[in-house]
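Student: I have a chain on my screen and would like to learn how to read it. Could we go through it together, one question at a time?

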Amino acid sequence: MSADDARFMRRALELARRAQEEGEVPVGAVVVHEDRIIGEGWNRPIASSDPTAHAEIQALRNASLGKKNYRLTDATLYVTLEPCDMCLGAMFHARIARCVFGATDPKKAVLKSKVSVQGGVLAEESGKLLSAFFAAKR
(Lines give C-alpha, C1' and ligand atoms only; values in the text may rest on other atoms or scores of the structure.)
Protein backbone atom coordinates (compact mmCIF):
# COMPACT_ATOMS: atom_id res chain seq x y z
CA MET A 1 0.00 0.00 0.00
CA SER A 2 1.38 3.36 -1.01
CA ALA A 3 0.92 6.60 0.89
CA ASP A 4 -1.22 7.88 -1.97
CA ASP A 5 -3.45 4.80 -1.81
CA ALA A 6 -3.98 5.39 1.90
CA ARG A 7 -4.66 9.10 1.38
CA PHE A 8 -7.31 8.54 -1.27
CA MET A 9 -8.89 5.66 0.65
CA ARG A 10 -9.18 7.93 3.69
CA ARG A 11 -11.28 10.33 1.59
CA ALA A 12 -13.41 7.40 0.42
CA LEU A 13 -13.92 6.46 4.08
CA GLU A 14 -15.07 10.01 4.86
CA LEU A 15 -17.66 9.65 2.11
CA ALA A 16 -18.69 6.24 3.46
CA ARG A 17 -19.37 7.89 6.82
CA ARG A 18 -21.55 10.44 5.02
CA ALA A 19 -23.56 7.58 3.50
CA GLN A 20 -23.96 6.07 6.97
CA GLU A 21 -25.19 9.39 8.37
CA GLU A 22 -27.83 9.39 5.63
CA GLY A 23 -28.97 5.89 6.59
CA GLU A 24 -27.28 4.21 3.62
CA VAL A 25 -24.84 1.31 3.60
CA PRO A 26 -21.52 3.02 4.40
CA VAL A 27 -19.60 2.83 1.14
CA GLY A 28 -17.62 5.71 -0.37
CA ALA A 29 -15.60 6.08 -3.55
CA VAL A 30 -13.30 8.53 -5.30
CA VAL A 31 -11.91 8.65 -8.83
CA VAL A 32 -8.34 9.89 -9.07
CA HIS A 33 -6.50 11.07 -12.17
CA GLU A 34 -2.99 12.47 -12.18
CA ASP A 35 -2.87 12.47 -8.37
CA ARG A 36 -6.06 14.56 -8.09
CA ILE A 37 -9.59 13.57 -7.08
CA ILE A 38 -11.86 14.20 -10.07
CA GLY A 39 -15.00 12.46 -8.80
CA GLU A 40 -16.57 11.47 -5.50
CA GLY A 41 -19.56 9.42 -4.48
CA TRP A 42 -21.24 7.59 -1.64
CA ASN A 43 -24.03 5.06 -1.52
CA ARG A 44 -27.44 6.65 -2.24
CA PRO A 45 -29.80 3.90 -3.46
CA ILE A 46 -32.30 4.46 -0.63
CA ALA A 47 -32.39 8.27 -0.84
CA SER A 48 -32.54 8.31 -4.62
CA SER A 49 -34.80 5.25 -5.05
CA ASP A 50 -32.21 4.04 -7.53
CA PRO A 51 -30.68 0.57 -7.22
CA THR A 52 -27.72 1.69 -9.36
CA ALA A 53 -26.75 4.55 -7.04
CA HIS A 54 -23.74 2.77 -5.60
CA ALA A 55 -20.79 4.85 -4.43
CA GLU A 56 -18.70 3.78 -7.42
CA ILE A 57 -21.38 4.75 -9.93
CA GLN A 58 -21.87 8.10 -8.22
CA ALA A 59 -18.11 8.77 -8.32
CA LEU A 60 -17.84 7.72 -11.98
CA ARG A 61 -20.77 9.96 -12.96
CA ASN A 62 -19.27 12.88 -11.07
CA ALA A 63 -15.85 12.40 -12.68
CA SER A 64 -17.32 11.97 -16.16
CA LEU A 65 -19.42 15.12 -15.85
CA GLY A 66 -16.37 17.08 -14.71
CA LYS A 67 -14.26 15.82 -17.61
CA LYS A 68 -17.18 16.01 -20.07
CA ASN A 69 -16.17 12.53 -21.16
CA TYR A 70 -17.37 9.10 -20.05
CA ARG A 71 -13.92 7.68 -20.70
CA LEU A 72 -11.76 8.02 -17.63
CA THR A 73 -8.61 6.54 -19.11
CA ASP A 74 -5.66 6.16 -16.72
CA ALA A 75 -7.82 6.93 -13.67
CA THR A 76 -7.96 4.93 -10.45
CA LEU A 77 -11.15 4.29 -8.51
CA TYR A 78 -10.83 3.90 -4.74
CA VAL A 79 -13.78 2.32 -2.94
CA THR A 80 -14.24 1.15 0.63
CA LEU A 81 -15.95 -2.14 -0.32
CA GLU A 82 -15.14 -4.70 -3.00
CA PRO A 83 -17.13 -3.64 -6.08
CA CYS A 84 -20.13 -5.60 -7.30
CA ASP A 85 -20.35 -6.83 -10.88
CA MET A 86 -22.44 -3.81 -11.95
CA CYS A 87 -19.79 -1.41 -10.70
CA LEU A 88 -16.98 -3.45 -12.26
CA GLY A 89 -18.85 -3.27 -15.56
CA ALA A 90 -19.17 0.49 -15.24
CA MET A 91 -15.44 0.75 -14.53
CA PHE A 92 -14.73 -1.33 -17.63
CA HIS A 93 -16.88 0.94 -19.81
CA ALA A 94 -15.30 4.06 -18.27
CA ARG A 95 -11.83 2.64 -19.06
CA ILE A 96 -10.74 2.84 -15.40
CA ALA A 97 -7.14 1.61 -15.28
CA ARG A 98 -7.05 0.50 -11.64
CA CYS A 99 -9.41 -0.18 -8.77
CA VAL A 100 -8.32 -0.14 -5.13
CA PHE A 101 -10.79 -1.37 -2.53
CA GLY A 102 -10.86 -1.74 1.23
CA ALA A 103 -13.06 -4.48 2.68
CA THR A 104 -13.93 -7.64 0.79
CA ASP A 105 -17.62 -8.43 0.30
CA PRO A 106 -18.39 -11.86 1.78
CA LYS A 107 -21.95 -11.75 0.35
CA LYS A 108 -20.77 -11.32 -3.22
CA ALA A 109 -21.14 -14.99 -4.21
CA VAL A 110 -24.50 -15.29 -2.41
CA LEU A 111 -25.97 -12.30 -4.23
CA LYS A 112 -25.05 -13.72 -7.61
CA SER A 113 -26.97 -16.91 -6.90
CA LYS A 114 -30.23 -14.99 -6.31
CA VAL A 115 -30.51 -13.76 -9.89
CA SER A 116 -31.68 -15.99 -12.71
CA VAL A 117 -30.05 -15.13 -16.03
CA GLN A 118 -31.30 -16.16 -19.47
CA GLY A 119 -29.76 -15.10 -22.74
CA GLY A 120 -30.72 -15.46 -26.38
CA VAL A 121 -34.26 -14.02 -26.24
CA LEU A 122 -34.76 -12.15 -29.54
CA ALA A 123 -30.99 -12.30 -29.96
CA GLU A 124 -31.04 -11.85 -33.73
CA GLU A 125 -33.27 -8.78 -33.59
CA SER A 126 -31.22 -7.31 -30.75
CA GLY A 127 -27.97 -7.94 -32.61
CA LYS A 128 -29.27 -6.37 -35.82
CA LEU A 129 -30.37 -3.25 -33.96
CA LEU A 130 -26.91 -2.85 -32.43
CA SER A 131 -25.13 -3.60 -35.70
CA ALA A 132 -27.20 -1.01 -37.57
CA PHE A 133 -26.54 1.59 -34.88
CA PHE A 134 -22.77 1.14 -35.03
CA ALA A 135 -22.74 0.90 -38.83
CA ALA A 136 -24.46 4.29 -39.01
CA LYS A 137 -21.83 5.77 -36.66
CA ARG A 138 -18.93 4.72 -38.88
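**Reading the fold**

Tutor: Happily! Counting from the N terminus, the elements follow the order α-β-β-α-α-β-α-β-α-α. Keep in mind that this is a predicted model.

Student: How many helices and strands are there in the chain?

Tutor: Reading from the N terminus, the order of elements is α-β-β-α-α-β-α-β-α-α. Tallied by type, the chain has six helices and four strands.

Student: What percentage of the residues of the chain count as buried?

Tutor: A residue counts as buried when its relative accessible area is under 20%. The C-alpha atoms fill a box of roughly 50 × 35 × 30 Å along the principal axes. Of the 138 residues in the chain, the buried share is 33%.

Student: Which element gives the most residues to the largest nonpolar core?

Tutor: Nonpolar side chains in soluble globular proteins tend to be buried together. Here the largest nonpolar core holds 17 residues, and A29, V31, L60, L72, L77, M91 and I96 have the most contacts inside it. Two or more residues come from each of β1 (28–33), α3 (55–67), β3 and α4 (85–94). The top contributor, with five residues, is α3.

Student: Which residues is I96 in contact with, leaving aside its neighbours within four places in sequence?

Tutor: I96 is among the core residues with the most contacts inside the core. Contact here means heavy atoms within 4.5 Å. With those sequence neighbours set aside, the partners of I96 are V31, L60, L72, A75, L77 and M91.

Student: How many residues are in the second, separate core?

Tutor: This core includes A12, L15, W42 and V100. It is separate from the core just discussed, and its size is 10 residues.

Student: Why is the aromatic pair of F8 and Y78 given the class it has?

Tutor: A pair of aromatic rings is described by the distance of the centres and the angle of the planes. The count of such pairs here is one. The ring centres of F8 and Y78 lie 5.4 Å apart and their planes meet at 45°, so the class is tilted.

Student: How many residues apart in sequence are the parts that this pair ties together?

Tutor: Both F8 and Y78 are buried. F8 belongs to helix α1 (residues 3–21) and Y78 to strand β3 (residues 76–81), so the pair ties together parts whose separation in sequence is 70 residues.

Student: Turning to charges, which residue forms a salt bridge with R11 and links distant parts of the chain?

Tutor: Side chains of opposite charge can pair when their charged atoms come close. R11 has a salt bridge to E14, with the closest N and O atoms 2.7 Å apart, but R11 and E14 both lie in helix α1, three residues apart. R11 also has a salt bridge whose other residue is in strand β2 (residues 36–42), 29 residues apart from R11. With closest N and O atoms 2.7 Å apart, that partner is E40.

Student: Are E14 and E40 exposed, partly exposed or buried?

Tutor: Partly exposed covers values between the 20% limit for buried and the 50% limit for exposed. E14 has a relative accessibility of 43%, and E40 has a relative accessible area of 24%. Both E14 and E40 therefore count as partly exposed.

Student: Where do K128 and E124 lie?

Tutor: Their side chains meet in a salt bridge, 3.1 Å from N to O. K128 is exposed at 54% relative accessible area, and E124 is exposed at 58%. The two are four residues apart, about one turn of the helix, and both lie in helix α6.

Student: Which residue in the loop between β1 and β2 has a positive phi although it is not a glycine?

Tutor: The residue has a phi of about 65° and is partly exposed at 46% relative accessibility. It is also linked with D4 and R7 in a network of salt bridges. The residue in that loop is D35.

Student: And where is R95, which also has a positive phi?

Tutor: Phi of R95 is near 70°, and R95 is partly exposed at 36% relative accessibility. Its place is the loop between α4 and β4 (98–103).

Student: Last one: which residues make the nonpolar surface patch?

Tutor: The patch covers about 310 Å². One of its residues, L130, is found in helix α6 (residues 123–137). The full set is L130, F133 and F134.

Notes:
Residues are numbered from 1 along each chain as its sequence is written. This is a predicted model: local features need pLDDT of at least 70, side-chain atom pairs count only at pLDDT 80 or more; totals for chains, interfaces and linings use all residues. Side-chain values use heavy atoms; hydrogens and water are left out. Patches are made of residues with over 30% relative accessible area and no salt bridge: like charges are joined within 9 Å, nonpolar side chains (Val, Leu, Ile, Met, Phe, Trp, Tyr) within 5 Å. Accessible areas come from the Shrake-Rupley method with a 1.4 Å probe; for residues, only the protein chains shown count as cover. A salt bridge is a side-chain nitrogen of Lys or Arg within 4 Å of a carboxyl oxygen of Asp or Glu. Rings of Phe, Tyr and Trp (its six-membered ring) pair if their centres lie within 6.5 Å; planes under 30 degrees apart count as stacked, over 60 as edge-to-face and the rest as tilted. Buried means under 20% relative accessible area, exposed over 50%, partly exposed in between (1.4 Å probe, protein chains only). A nonpolar core is a set of buried Ala, Val, Leu, Ile, Met, Phe, Trp, Tyr and Cys residues joined through side-chain atoms within 4.5 Å.
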